[in-house]
Amino acid sequence: MKEKIVEHRVYYYDTDKMGVVYHSNYLKWMEVARTEFFRDTLPYSRLEEMGVMLPVKTLNIEYFNSVKYDELIKIKIKLLEFSKIKIKFLYEIYDENFTQLKAKAETVNTFTDINGNLKRLSNELLKKLKGE
């Protein structure tokens, strides 16, 4: 299935006193990767204009190696599942050369309206998001 790679330079504000990235910042990077993933087919801002939100329903993350200040990392996002009501992503965060896996995560995001009610995508919108 479709995947994308996003680069990020780790800044001081991403880290704790020891220069190690604080664990919650990985979630921000995953959000950036999801936004960039959609940018190629249908920008997330356009989805919101259409009344479609994409909240995280579940999140699983495992940390393997610390990311540190000033590192350049690569965030690989891959689409695992896609239906009219949800989408599942795999994230792998690596060093800049893809030689060390730093963290691995999965999210399931549901499609909702502005009020948080589940929303089924139309076949037309589903095809657009799949890049067909």
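Leu59 has its place in strand S2, which covers residues 56-63, and this description rests on a predicted model. With a relative accessible area of 36%, Leu59 is partly exposed. Together with Leu27 and Val56, Leu59 makes a nonpolar surface patch of about 220 Å².

From this patch the reader can turn to the pairing of the strands. Strand S1, made of residues 3-9, pairs with S3 in the antiparallel sense, and seven bridges are found between S1 and S3. Within this pairing, Val6 has Ile75 in S3 as its bridge partner. S3 also pairs with S4 in the antiparallel sense, here over nine bridges, and the connection from S3 to S4 is a hairpin of three residues. One position that can be followed by eye in this second pairing is Lys78, which stands opposite Leu90 in S4. As a general point, the side chains in a regular strand alternate between the two faces of the sheet.

Lys74 is a useful residue on which to pause, and it is found in strand S3, which runs over residues 72-82. Is Lys74 buried or exposed? Lys74 counts as buried, because its relative accessibility is 14% and the cut-off for a buried residue is under 20%. The surroundings of Lys74 can be listed by their contacts: leaving aside residues up to four places away in sequence, Lys74 touches Ile5, Val6 and Glu7, and also Glu92, Ile93, Tyr94, Asp95, Glu96 and Phe98. With one of these residues, Glu7, the side chain of Lys74 forms a polar contact of 3.2 Å.

Charged side chains also meet elsewhere, and the structure holds nine salt bridges. One of them links Glu92 and Lys76, whose closest N and O atoms are 3.6 Å apart. Glu92 lies in strand S4, residues 86-95, while Lys76 lies in strand S3, so this pair ties together parts that are 16 residues apart in sequence. Glu92 counts as buried, at 13% relative accessibility. A further group consists of Glu81, Lys88 and Glu106, which are linked in a network of salt bridges.

The helices offer two more salt bridges to examine. In the first example, the side chains of Glu31 and Arg34 meet with an N to O distance of 2.3 Å. How far apart are Glu31 and Arg34 along helix H1? Glu31 and Arg34 are three residues apart in helix H1, which covers residues 25-39, and therefore they are separated by about one helical turn. The two partners can also be described by their accessibility: Glu31 is partly exposed, with a relative accessible area of 37%, whereas Arg34 is buried, with a relative accessible area of 6%.

The second example is in helix H2, residues 44-49, where Glu49 and Arg46 are three residues apart and are therefore separated by about one helical turn. The side chains of Glu49 and Arg46 meet in a salt bridge, with 3.5 Å from N to O. Here Glu49 is exposed, with a relative accessible area of 61%, and Arg46 is partly exposed, with a relative accessible area of 38%.

Technical notes. Residues are numbered from 1 along each chain as its sequence is written. This is a predicted model: local features need pLDDT of at least 70, side-chain atom pairs count only at pLDDT 80 or more; totals for chains, interfaces and linings use all residues. Side-chain values use heavy atoms; hydrogens and water are left out. Patches are made of residues with over 30% relative accessible area and no salt bridge: like charges are joined within 9 Å, nonpolar side chains (Val, Leu, Ile, Met, Phe, Trp, Tyr) within 5 Å. Accessible areas come from the Shrake-Rupley method with a 1.4 Å probe; for residues, only the protein chains shown count as cover. A salt bridge is a side-chain nitrogen of Lys or Arg within 4 Å of a carboxyl oxygen of Asp or Glu. Helices (H or I, at least four residues) and strands (E, at least two) are DSSP runs, numbered from the N terminus. Buried means under 20% relative accessible area, exposed over 50%, partly exposed in between (1.4 Å probe, protein chains only). A polar contact is a pair of N or O atoms within 3.5 Å; within protein, one must be able to donate a hydrogen and the other to accept it, and residues adjacent in sequence count only if both atoms are side-chain atoms. Contact means heavy atoms within 4.5 Å. Two strands pair if DSSP finds at least two bridges between them.
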